[in-house]
Structures are given as structure tokens and as C-alpha cells.
Amino acid sequence: MKLSLSEYLSVFNKEENISSLTGFGRGIEREALRVLAEGKLSETPHAYNIGSALTNPYITTDYSETLLEFITPVNRNPEDTIAQLQDIQKFTLSQIDDELLWPMSMPCFVNDADKIPLAQYGSSNIGKMKTVYRQGLKNRYGSMMQVISGIHFNFSFPENFWDVLQSTLKDEQPRDEFISARYFSVLRNYKRFCWLIPYLYGSSPSICSSFLQNKPHQLPFKKSPKGYLYLEHATSLRMSDLGYTNHEQSSLHICYNHIDTYVEGVKHAINLASEEFEKIGVKVDGKYQQLNTNVLQIENELYAPIRPKRVAKPGEKPTEALKSRGVEYIEVRALDVNPFVDTGVSLEQVYFLDIFLTYCALTEHGILDSAEQNIYEKNMDEIVIRGRDPELRLDDKGESKSVKQWGNSIFEEMLPIAKILDRANNTEKYQEVLAAELAKINDPELTPSAKVLDLLVNQNKSLTQVALSMAQKYKDDLLAQDYQIFNEETFVESVKQSHTDQKNIEDSDTLSFDDFLTNYFNR
């Protein structure tokens, strides 16, 4: 049974169902480089007084010791989610002396990529595995790719949302199978329409020339008056071939039509040998260079603009968690760091993503074959490189459309969703946000990528100095304000507990690292 979007909305708009459009689960993971006042990467290790990167639930590292990652717990209120992120950053900034948080996705000046330090997680087997995985990323793709920052937005619908949907559709599948199937429908629709995300929120149309480090490319860069490289109509170089891409994965064709085919596709990639990566070796002269020589070392290496997720139990692989208990939430990964707000993601973006993901949940488009998936990936590639080009045309099921034409059509369909979300949540913010984002569709100069280029090209600004000024202001403002959700004692205790937890993990190891890896990959 399938319903139209208007039919779904009429069901949810009923008095007995409207509350199911409240209480969406949201969490944010924000990455940020630690930098010095002159704009260079910090060379200090992860600070002891912000906790163990292995076990602190709020503050960890991504690829490098200098690439922090802030994690908010699941929250049902958009304002509180942003406030939590501000609190985490406030505590961190109070503990890292004169260092700043780089407010952009593309890194600052890097003299020598080989000197970018790998993240360290202690002497436990799981800690060593995390570092060896990063060593593999360095050997496979280079260090510069690994100091790019992004935003991951975790999202889930509440249980009563699924109650209404399953009852309306008269679907008799087991509950977890129904929810997983509907989340995979969200994933497919997101892939169809995800070009909107870098168009609206891409903030990386330019790079410092040091980023290239002699990396070959075919991009027609121009040079700003201060010497920074940019593409005139680009939105997100972070999402381009210069950024988070993996050519070895391009032929995988991971299937998003069903949880079983997705899990099997990821498992296949983890066990698929790569001639290119085999040249690196695994253990060379007694030192691990990567976890294995397969296309994916582990599941986290699968680069995708969105992922199905389930919180895994200790020692459990992500696909095992998905297979056994179904999809719990989705992770949106196509977001650049927003340099114009201290948290790297704005409250308005959270509201828009609520609308957009609800649209993806209630719009029926059927399965996604590999040919269609390739078309939508090409749309994405075009948007990140020349999304503001008025001549650009995107492919919508064989029909050529401009950003303005297709964008206005999608926004027209999203407007009733914004209205019903406003009614459910007793606010007008959803419609206000949708109107502001629609203005970007009709005027590309309002996009953050255009604003960044205006600073560099029209105002003759230095990208580094602009970013450092922002970073210093954000630090000063956060340190001056009070904690909003958490308090200092909460973070101090989490730091203390994280070091205890790391030591307990290290003390509990009984296997050698070699045996630990063998068991992990044979399981």
C-alpha cells in the first residue's frame, strides 16, 4: 500500500496523530582542527584534561591528534542540541590554552602532510586498531584528506511516528523490519535529493594552495588576490574529488533497497581484495601499515553522504548491529562546517533537516537501481563543483532541470510539511526557515559558498585571517557565556571517568594485537 504525500500529511494532521511529529531525535558530531593563532596546525597531543579520546562520550578525535570531534547526546529539542554543542566546545576551549578551533571544512596552512600526527587511543587492542586504521587511511588516500572537517547529523523519528505510519499502511511486518524498510526509503530519497544539501550549505568553494601538496587534479582553479585557490561556482570542495572520495569504492554499487542487500554489500566490500592497496602491505618490517588490503579495512571506511545506523554493543561490528536489530537512526554526512556560526552548524539548519528528512520519509519513489544511483551521484558531483553556475542542469529521471526549477518544485512539496511541523510543535520556525532556504534557491548569492567567495574575491580578504578572526571571536564569546545544559562538573567528571575506562579496557586485554585482529576479522 502506498499513499501520496498529501494523503500521508492528512493522516498525520489528525488530532490523535499530530504529536507523532514532535520529539525527533537529534545528535550532532562536529569536527574541528586545533590551530595556533598564526593559522598553523597545533603540534601538541590530545590534551589529557579533555579526557581519553577512546572513551570520553563528548570529546574525541577523528583522524589526527589535532582533529577534535564533539559529540552531543540524543536530544529531542533543536535549541538544546545546539546549546549542548556550545557547552562541549566551551569546556574544550577552556582546556586547550591559546589554541583555536578552525571554523571551516578545508584545513588551514599545512607545510608537510607527512607530519600530520595520527590520532592515538592508548595501548589497548581496540585503541591500537583505531590508530592502525588511520595509518591505513594515510597510506591509501594521504594525510591531507584526513584533516578535512565536517558535520554529521544523527536523526531518528519517534516511536509514535512509526505507530501512525505502520497502522495507516496496514503493514504487518515485524516492527523492526518495518522501521528498517522505511528508513531505507528515507536513504534512497535522500540520495535522490541530496544535491540540495551542498547547494544550500556547502561552505568550501576555496582552499589554501598548501592543500594540494602536488596532488593531481583537473579542476580549473582561479586565484584570489591573496593567493587562495577557488572555483567560481563551487559549493563544497570538501565533497569533491579533492575531498572525501574513494575511487576504489566507485564500483561497489552498495544497494540501498533493503537492509539485507545493504549489509551484504558492505560485507562484500570488506572482504574484496584491492590490488592497489595490496601494494602497501599490511605488516611491513614489524609495523602495521593498514588493517588489511581489502577495498574497505572496516565498515567506517565506506564514504557515503548518508548511512543507516544502530548503536553497536561492545565488540560488535556496525553491520552485525544492523542485521540483528535493524536501523535505529540515520547519519547525514554531506554537511560542510558552517563558518558563520560558532558550532559549525546552525539552529536553522537543524530545522531544515527536520523538514527535509520528513519529506524523504513521506515521499514514495520506489527502489533505486545502480543506473539511477549513478545519475544522482553525478548530480551531486556537479553541484559541489559548479552548483551556482546558472547554466548547470541536473538529471531528474531523464528530465533536465535547473537548480531553480527543481529546487522550487521540491520546496513547494516541502511547504505543507513545514506547516504541519509548525502546528505540531507550536512554532512558526519551520516555515520561516523554509522560506529563507528557498531564497537561496532563487538567488545563489545568498548561499554560504557565495558569501565565502565574496570575502576572498570581492573584498580581497585573506581566507586564513577571516577564519582566525572568526575562531577567536567564537572562542571569546563561548568562554564569556554561561553553560546552558551541562556544567563544568559534568565535563570534569566525564574526563576523569574516561581515563578510568581506558585503563580498565587496557587491563582487560588478554590477547596479543595480532591475535586480536585475527579474531576480529574472522568473527
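**Figure 1. The salt bridge between Asp336 and Arg238**. Asp336 counts as buried because its relative accessibility is 1% (buried is under 20% relative accessible area, exposed over 50% and partly exposed in between, for a 1.4 Å probe and protein chains only). The model is predicted: local features need pLDDT of at least 70 and side-chain atom pairs count only at pLDDT 80 or more, while totals for chains, interfaces and linings use all residues. Residues are numbered from 1 along each chain as its sequence is written, and side-chain values use heavy atoms, with hydrogens and water left out. Asp336 forms a salt bridge with Arg238, with 3.3 Å between the closest N and O atoms (a side-chain nitrogen of Lys or Arg within 4 Å of a carboxyl oxygen of Asp or Glu). Asp336 belongs to strand β12 (residues 329-336) and Arg238 to the loop between β8 (229-230) and α7 (259-270), so the pair ties together parts 98 residues apart in sequence. Helices (H or I, at least four residues) and strands (E, at least two) are DSSP runs, numbered from the N terminus. Arg238 is also buried, at a relative accessible area of 4%.

**Figure 2. The salt bridge between Arg192 and Glu372**. The closest N and O atoms of Arg192 and Glu372 are 3.5 Å apart. Because Arg192 lies in helix α5 and Glu372 in helix α11 (residues 370-386), the pair ties together parts that are 180 residues apart in sequence. Arg192 is buried at 2% relative accessibility, and Glu372 is buried at 16%.

**Figure 3. Glu316, Arg325 and a salt-bridge network**. Glu316 and Arg325 form a salt bridge whose closest N and O atoms are 2.9 Å apart. Glu316 is buried, with a relative accessible area of 18%, whereas Arg325 is partly exposed at 21% relative accessibility. Arg307, Lys309, Glu331 and Arg333 are joined into one network by salt bridges that share partners. The whole structure holds 26 salt bridges.

**Figure 4. The buried residues of helix α1**. In α1 (residues 5-12), Leu5, Tyr8, Leu9, Val11 and Phe12 are buried. Down the helix axis these residues fall within an arc of 155°, so they line one face of α1; the arc is that of the directions from the helix axis to the C-beta atoms. They pack against α4 (159-169), α5 (175-193), α10 (347-362) and α12 (403-425).

**Figure 5. Surroundings of Ser185 in helix α5**. Ser185 is buried, at 8% relative accessibility. Leaving aside residues up to four places away in sequence, Ser185 touches Cys360 and Thr363 (contact means heavy atoms within 4.5 Å).

**Figure 6. An aromatic cluster that includes Phe161 and Trp162**. There are 31 aromatic pairs; rings of Phe, Tyr and Trp (its six-membered ring) pair if their centres lie within 6.5 Å, with planes under 30 degrees apart counted as stacked, over 60 as edge-to-face and the rest as tilted. Phe161 and Trp162 form an edge-to-face pair, 5.1 Å centre to centre with 85° between the planes. Both residues, Phe161 and Trp162, are buried. Ring pairs link Phe12, Phe24, Phe153, Phe155, Phe157, Phe161, Trp162, Phe178 and Tyr183 into a cluster.

**Figure 7. Lysine charges over the rings of Tyr121 and Tyr520**. The charged end of Lys130 sits over the ring of Tyr121, 4.9 Å from its centre. That of Lys317 sits over the ring of Tyr520, at 5.0 Å from the ring centre. A charge sits over a ring if NZ of Lys or CZ of Arg is within 6 Å of the ring centre and within 35 degrees of the ring normal.
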